[in-house]
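Subject: A structure for you to explore

Hi there,

Here is the structure I promised to pass on to you. Please open it and turn it around a few times before reading further.

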Amino acid sequence: MIILGSTGSIGVNTLIVAKKYGLDIEVLVAGKNIELLNSQIKEFKPKKVVISSKEDLHKVNHTNVRYGEDAILEAIENSSSNIVVNALVGFLGLKPTLKAIECKKKLCLANKESLVVAGKFIDKTNLRAIDSEHFGLWYLLNDKKISSMTITASGGSFRDYPLETLKNVSIKEALNHPNWEMGDKITIDSATMTNKMFELIEAAWLFDTKNIDAIIEPKSIIHALINFKDGSSTAHIAGVSMQLPIAYAIMDKIEDEILKQVDLLKIGSLEFKTIDENRYPIWSKKSEVLENLDLGLILNASNEVAVSKFLSGKIGFLDISKINLDAIDRFSNLKAQNIDDVFLINKEIRGYYGY
């Protein structure tokens with residue numbers, strides 16, 4: 001298989017699953033963590049390696065190493081592997097998604113931005129979503145009539161902070177997620193609840209529904225629920241690990257133990273909370289976004305700029321939501337008519353907010 005983003009959380013867990021099932025790794029694509037990449041190269045012996053920066057080429061312990069976006073696309077096109085795991089972060093992951101689909105490869109997609117910004121242009125026939133919430137929904141589906149779907153949120157780094165303190169929180173505090181070990185951007189997106197908005201958009205495209213909502217479940221044990229027309233509901237319960245959705249995405253069917261089952265007696269109790277718009281301002285746009293999924297492209301572009309500015313110390317935490325709300329209001333009339341429009345609109349939004 002090809003793993004895009006091999007040194008990130010999803011990539012590392014994908015390699016654990018690959019080792020368990022003896023799967024060959026043809027291509028590894030990574031960013032700046034060359035030390036971890038070199039250890040992966042030593043263990044999994046890929047035929048090709050691609051990194052983000054030309055300056056790091058000499059640090060990579062491999063004879064066939066290239067850099068940059070074009071090299072990623074060429075690696076996908078020229079590989080014999082029929083599985084691509086796209087765990088790249090951000091808009092950067094869209095072109096590899098499109099290339100994998102064009103090459104008729106099975107796409108195991110952890111790059112949520114691909115569906116968020118271009119869901120209506122993406123063929124989902126051979127796509128498997130790597131996400132605990134969407135995996136949970138897929139796992140629960142049967143032939144009964146569905147009333148609605150619900151996914152859960154942890155609440156992020158600041159779920160228990162007094163509201164008046166959020167304007168002064170530090171980058172370090174924002175990156176201290178209570179449940180998951182994730183990359184910087186997705187951790188910030190979790191804290192603003194933008195990540196959960198993205199997941200609603202993904203679910204709308206994956207399951208062809210807009211009757212989808214989210215609630216906070218702080219322990220991240222219940223990942224998804226389906227409410228049926230007959231009045232019953234089912235919940236997907238699993239441990240805090242991405243290896244389960246990764247294994248199913250790659251293998252389609254799993255009969256081995258991937259995780260230890262959750263001991264509900266040890267959990268003791270579960271708590272559910274509504275998502276408060278005062279704490280998570282982006283949630284005030286939930287209905288508008290679900291009714292106009294084109295807003296996913298607008299929101300993603302502004303959010304990538306805002307999160308980058310926050311992580312570089314240029315704006316405060318609350319400014320992320322202010323920028324995103326402004327973008328949705330200001331550019332709500334923009335709609336991509338084709339995939340080229342997606343790239344043009346993305347560029348326009350980023351340019352407006354100074355990126």
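Below I describe two sheets and the helices that go with them.

Before you start, please keep in mind that this is a predicted model.

**The seven-stranded sheet**

Let's begin with the open sheet built from seven strands, whose order is E4-E3-E2-E1-E5-E6-E7 and whose pairing is parallel. Which strands sit at its edges? They are strand E4 (65-67) and strand E7 (127-129), and each of them pairs on one side only. Going from one strand to the next, this sheet twists by 15 degrees on average.

If you would like to look at one pair in detail, try strand E6 (residues 106-109) and E7, which run parallel and are joined by three bridges. In this part of the sheet you can find Cys108 opposite Arg128 in E7. Helix H10 (residues 243-251) packs on the sheet, where it touches strand E5 (83-86), E6 and E7. The direction of H10 makes about 170 degrees with that of E6.

**The four-stranded sheet**

The other sheet is also open, and it has four strands in the order E9-E8-E10-E11 with mixed pairing. Strand E9 (212-216) and strand E11 (233-237) are at the edges with a single partner strand each, so one side of each has no neighbour in the sheet. From one strand to the next, the twist averages 20 degrees.

How many bridges link strand E10 (residues 222-228) with E11? There are five, and the two strands pair in the antiparallel sense. You can spot Asn227 opposite Ser233 in E11. Helix H9 (residues 194-207) packs on this sheet and touches strand E8 (146-153) as well as E9. Between the directions of H9 and E8 the angle is about 150 degrees.

**Two helices that cross**

H9 also has a helix partner: its axis and that of helix H6 (residues 132-140) come within 10 Å and cross at roughly 35 degrees. The crossing of H6 and H9 is right-handed. On the H6 side, the contact is made by Glu133, His134, Leu137 and Trp138. H9 brings Lys196, Glu199, Glu202, Ala203, Leu206 and Phe207 to this contact. What kinds of residues meet where H6 touches H9? Five are nonpolar, one is polar and four are charged.

Have fun exploring, and write back with any questions!

Best wishes

Methods. Residues numbered from 1 in each chain as written. Predicted model: local features only at pLDDT ≥ 70, side-chain atom pairs only at ≥ 80, totals over all residues. Heavy atoms only, no water. Pairing = 2+ DSSP bridges. Axes fitted to C-alpha atoms, helices over the stretch in contact; angles between N-to-C directions. Contact = heavy atoms within 4.5 Å. Left-handed = near helix turned anticlockwise from the far one by under 90°. Nonpolar A, V, L, I, M, F, W, Y, C, P; charged D, E, K, R; others polar.
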